[in-house]
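Please open the structure in your viewer and keep the selection tool at hand, since each stop on this tour begins with something to pick out.

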Amino acid sequence: MQPKEIVVPTSSISMLRRPDPLADTQMTVSLGPQHPSTHGVLRLELVLDGETVVNAIPDIGYLHTGIEKTMEKEKWQQVVTITCRMDYLNSMGNDLGYCLAVEKLMGVEVPKRAQDLRVLLTELNRLSSHLVWFGTHAMDLGAMTAFFYAFTERERILDIFECVSGARLHQSYFIIGGVRWDIPENFPALVRDLLDRFRNFLDECRRLVTGNRIFQRRTKGVGVISKKDAIDWGLSGPTIRGSGVNWDVRKAEPYSGYDTYDFRVPVYHDGDVWSRYLVRMDEMEESVKICYEALDRLKGSGSVMADHPKLNLPERDLMKQHIDVMIHHFLLASEGFTVPIGEVYQSIESARGELGYYVVSDGAERPYRVRVRAPSYVNLSALPAMVEGQLLADVVAVIGSIDIVLGDVDR
Amino acid sequence: MSILSNIIDAAKEVVEVARTTAQGMSVTLSHIPTRKETVSYPEEAVTIYRRFRGEHFLDVNEDGKEKCVSCFLCAAACPADAIYIEGAEDQRPYEERIGQDHRYAKVYQIDYGRCILCGFCVDACPTDAINHGHNFEWAVFTPGEMVKDKDFLLANKWREPDVTPNENQLHLAARQKMDKLNIILK
Ligand code: SF4
Ligand code: SF4
């Protein structure tokens, strides 16, 4: 029998456009995976004509972790320990998305205090993520000092995470039904101290980098993506708001009580690196505002876990005294709980864009499938459209401006 | 004329670049007299928050008996399968045996090549036997050394800055002498 002819769709061929052998001015260069400006292990196959980029092919897979598959092996409550490892700069947000999805599936109501705490910590995490972006983006374009200042400030945020959750990067602090512990005593003072400094810090950033003429000339008009293209590529987060699209999941589909906070979604219209830069800088200011508000709401006390017998481990004193509570504790810790059969999609606004979780349950104590719609992955796919026709040096600026995290791209 | 205006534009640009760079430099210079943010760690103590989830320690009670009853709950709750336990029975009376209960862990290992310090084992333990310490110095030369045994985990307790052994525990602490951690708990 004759083997069937394999038909390759032309669209996939054009994605892999290699240099034309007859046009000997073109050459292929690998940028990465070990290049410091690629923010991780991104490899870009660049087809160059002199200094001009003819095509860029992102080659992903160097950081493939199989996290989505690993989630199917973990119990529902254990999955939060790995969600934060995907987008390691926005770990609180990653946990939040997963927890919200499962809570939606189970129909669990999270107490007000836990919601406020979640908002406060995810916004702090957004700040810390944007600080890393700010530092590395400025450094890629030659401003070393900004990097140190940004990381100093980020250190304080990580200290706050350490204070409240016990870990600096992979907190696993949000669990299904709420958060693991209430805040310690010194927490509000630490946060207020940070927020009070932060406005001043942003001012410094403006004088240091935003006002800098060299920085502006490296970014204005570079890596433009039009409003229509941005929507067609499915971009989200600051990357699409730099192209004039007002899309923010916190406003469009509010979760965790974001609709009760007073904040603005910054939008700029030029679609270039500079616009995306300004969006993120303004966003930090808005995040500070949300943090202040959330911190005020945290005064007083209350429960931080949903009132659901299957979700929280029983109180320790009770557990040590009564055998039935002990058995419940044992079952919960070793077997976990089950989630009703069904599937659900829940998205949140992570520091990079719309982070969605599609969770399927078959009624067992482990997820049947967790699919993650990672903002970095989608945003990276538009990179070829942004850099085509640009200079080689601008590729670095564009990569910085879409703020990808490779752990988020390869799951 | 256009050449002249080009020159004027270029000159303006140079002035603008110089002005904004100087503005940036003023920020940098203003930072020089401020306090240093870094800590020279092994010489100076670092500040660590109480909740910090560091290397575990296995607890003993006030009589110096191991609290662990080898119930395997920590191993079941661990998302990373990092804990290996072999349980055993010790029928001797309380004064002679090493555990607070008849059942104790003959082998108790945590593989720090796998552990992700999530703290689920600590939440699960019904006897408060396993706890997070504050140690974060883990560098070893071979992967095998990352597997810590029971003696090491028991000794870790005495490294905590705010732990002082009572007279029943003194011999344990002496036998498992390790330097105190150079940290300040906040
Ligand atoms: S901290 Fe987490 S990963 Fe480490 S041993 Fe305990 S449960 Fe396992
Ligand atoms: S450490 Fe605690 S949970 Fe683990 S086996 Fe011992 S008693 Fe059980």
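How many nonpolar, polar and charged residues does the shell around ligand 1 have? Select ligand 1 in this predicted model together with its shell, and colour the residues by class: twelve are nonpolar, one is polar and none is charged. Of the 13 residues around ligand 1, those that come nearest are B:C78, B:A80, B:C115, B:C118 and B:C121.

Move next to ligand 2, which has 14 residues around it, with B:C68, B:C71, B:L73, B:C74 and B:C125 coming nearest. Colouring this second shell by class shows twelve nonpolar residues and two polar ones, with no charged residue in the shell around ligand 2.

**The domains of each chain**

Stay with chain B and colour it by its domain assignment, which gives domain 1 as residues 1-34 and domain 2 as residues 46-185. If you place a marker at the C-alpha centre of each of these two domains of chain B, the markers will lie 60 Å apart.

Now select chain A, where the domain assignment gives domain 1 as 10-59 and domain 2 as 67-409. The C-alpha centres of these two domains of chain A lie 31 Å apart, and 16 residues of domain 1 of chain A are in contact with 17 residues of domain 2 of chain A. On the domain 1 side of this contact in chain A, select the strands β2 (43-49) and β3 (52-59), each of which supplies at least two of the residues that touch domain 2. It is β3(A) that gives the most to this side, with six residues. By class, the residues that domain 1 of chain A brings to the contact with domain 2 divide into nine nonpolar, six polar and one charged.

**Helix α5 of chain A and two partners**

For the next stop, select helix α5 (residues 112-140) and helix α12 (residues 273-297) of chain A, which pack at an angle of about 155° with their axes 9 Å apart. Because of that angle, α5(A) is roughly antiparallel to α12(A), and the crossing of the two helices is left-handed. Showing side chains along the contact, you will find A:D116, A:L120, A:E123 and A:W133 among the residues from α5(A), and A:R280, A:E283, A:M284 and A:R297 among those from α12(A). The contact of α5(A) with α12(A) comprises ten nonpolar, two polar and six charged residues.

Keep α5(A) selected and exchange α12(A) for α6(A): here the packing angle is about 160° and the axes are 8 Å apart. That angle makes α5(A) roughly antiparallel to α6(A), and the crossing of α5(A) and α6(A) is left-handed. Including A:L127, A:L131, A:F134 and A:M139, residues of α5(A) meet residues of α6(A) that include A:M144, A:F147, A:F151 and A:I157. Coloured by class, the contact of α5(A) with α6(A) has 15 nonpolar, three polar and two charged residues.

**Where the chains meet**

Show both chains together and select the contact between them, in which 28 residues of chain A are in contact with 26 residues of chain B. On the chain A side, the elements that give two or more residues are α6 (144-165), α7 (187-210), α8 (213-219), α13 (316-321) and α14 (323-334). The residues of chain A that touch chain B divide into ten nonpolar, twelve polar and six charged.

Which residues of α7(A) meet α1(B)? Select α7(A) and helix α1 (residues 2-31) of chain B, which pack at an angle of about 140° with their axes 7 Å apart. The two helices, α7(A) and α1(B), are therefore oblique to each other, and α7(A) passes α1(B) in a left-handed crossing. From α7(A) come A:E204, A:R207 and A:L208, which meet B:Q23, B:G24 and B:V27 of α1(B). The residues of this last contact, between α7(A) and α1(B), divide into two nonpolar, two polar and two charged.

Terms used
Residues numbered from 1 in each chain as written. Chains lettered and ligands numbered in written order. Predicted model: local features only at pLDDT ≥ 70, side-chain atom pairs only at ≥ 80, totals over all residues. Domains from an automatic or database assignment. Contact = placed C-beta atoms within 7 Å. Helix = DSSP H or I, 4+ residues; strand = E, 2+ residues; numbered from the N terminus. Nonpolar A, V, L, I, M, F, W, Y, C, P; charged D, E, K, R; others polar. Axes fitted to C-alpha atoms, helices over the stretch in contact; angles between N-to-C directions. Parallel < 35°, antiparallel > 145°, perpendicular 65-115°, else oblique. Left-handed = near helix turned anticlockwise from the far one by under 90°. Near = placed C-beta within 6 Å.
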